[in-house]
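Here are a few notes to read alongside the coordinates. Feel free to open your viewer and follow along.

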Amino acid sequence: FYTTPQGHLLQALITSTLPDLVTYDTLVGVGHTTPYLPHHAVCLPPEQATQAAPWPLAASSVDGIVAIHGFEYAVDPCRMLDHMMRALKPLGGVHIIIPNTWSPLKDTPGTPYATCPAYSATRVQGWLRAAGFDDVVARGAWYGWPSASVPVQAWLSQLGRDIDDLTGVPLVPGLWMISARKVVPGLRTLSAPQRSCGMWLAQPA
């Protein structure tokens with residue numbers, strides 16, 4: 001799929017939606033994340049990361065986690081979030097790319113989302129908060145429909161993300177990026193996350 005024009009577009013849109021990952025000193029990718037990660041990142045293959053068994057990562061050892069083609073295949077999504085929470089350092093960030101419940105991609109043969117489960121942003125945000133995460137933000141990564149031409153999909157996606165940034169209220173994207181932080185007592189983040197890049201600044205409580 002990622003060798004096709006639509007695949008190239010989707011990969012470019014996901015890349016532009018993710019924050020600047022090189023700012024994480026220690027970074028772990030979950031699923032098929034190699035095209036998106038800087039060289040210093042470590043990848044957990046999907047056959048390992050999606051199982052309920054504990055991840056081979058020390059507690060509070062990771063600055064950032066990115067999940068692409070991983071979360072939606074998890075045997076137990078809430079258990080995966082527990083693994084992320086355990087592995088992250090205080091104020092560590094997690095970024096999850098998932099297909100929206102109503103995404104046309106999940107019913108389109110030939111895409112990596114054709115047969116996987118899809119989730120609403122509200123559900124995943126609730127799971128993140130229940131796992132102890134804070135500063136949970138959802139942002140659209142792709143807007144459109146697969147039958148549209150690549151230029152039309154690119155235009156719709158840019159328009160949707162511009163409206164998202166302007167209003168702070170996402171429309172109905174085909175793909176979500178949901179970001180959150182591990183916040184611990186004594187530390188907090190700014191009340192208004194920097195939505196343009198999906199990152200946050202920390203300040204003392």
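1. Tyr-119 is a good place to begin: in this predicted model, its relative accessibility is 10%, so Tyr-119 falls under the 20% limit and counts as buried. Its ring pairs with that of Trp-127, the two centres being 5.3 Å apart. The planes meet at 70°, and because that is over 60 degrees, the pair is edge-to-face.

2. Trp-127 sits in helix 4, which covers residues 121-130. With a relative accessible area of 22%, Trp-127 is partly exposed. A pair of aromatic rings is described by the distance of the centres and the angle of the planes, so please look at both values when you check the next one.

3. The rings of Phe-71 and Trp-127 also pair, with centres 6.3 Å apart. Their planes are at 50°, which lies between the stacked and edge-to-face limits of 30 and 60 degrees, so this pair is tilted. Phe-71 is buried, at a relative accessible area of 0%. This pair links distant parts of the chain: Phe-71 is in the loop between strand 3 (62-68) and helix 3 (77-87), and 56 residues separate Phe-71 from Trp-127.

4. What do the ring pairs link into a cluster? They join Phe-71, Tyr-119 and Trp-127. The count of aromatic pairs comes to three.

5. His-83 deserves a look too. This residue lies in helix 3 and counts as buried, at 11% relative accessibility. Which backbone oxygen does the side chain of His-83 reach? It is that of Ala-52, at 3.0 Å. Leaving aside neighbours within four places in sequence, His-83 is in contact with Gln-51, Ala-52, Ala-53, Pro-54 and Trp-55.

6. Now for two backbone angles you may want to check. Most residues other than glycine have a negative phi. Ser-60, however, has a positive phi, near 55°. Ser-60 is placed in the loop between helix 2 (46-49) and strand 3, and is partly exposed, with a relative accessible area of 39%.

7. Leu-91 also has a positive phi, of about 70°, although it is not a glycine. Is Leu-91 buried or exposed? Its relative accessible area is 16%, under the 20% limit, so Leu-91 is buried. Leu-91 lies in strand 4, residues 88-99, whereas Ser-60 is in a loop.

How values were computed. Residues numbered from 1 in each chain as written. Predicted model: local features only at pLDDT ≥ 70, side-chain atom pairs only at ≥ 80, totals over all residues. Heavy atoms only, no water. Phe/Tyr/Trp six-rings, centres within 6.5 Å; stacked < 30°, edge-to-face > 60°. Helix = DSSP H or I, 4+ residues; strand = E, 2+ residues; numbered from the N terminus. Buried < 20%, exposed > 50% of the residue type's maximum accessible area, 1.4 Å probe, protein only. Polar contact = N/O pair within 3.5 Å; in protein donor to acceptor, adjacent residues only side chain to side chain. Contact = heavy atoms within 4.5 Å.
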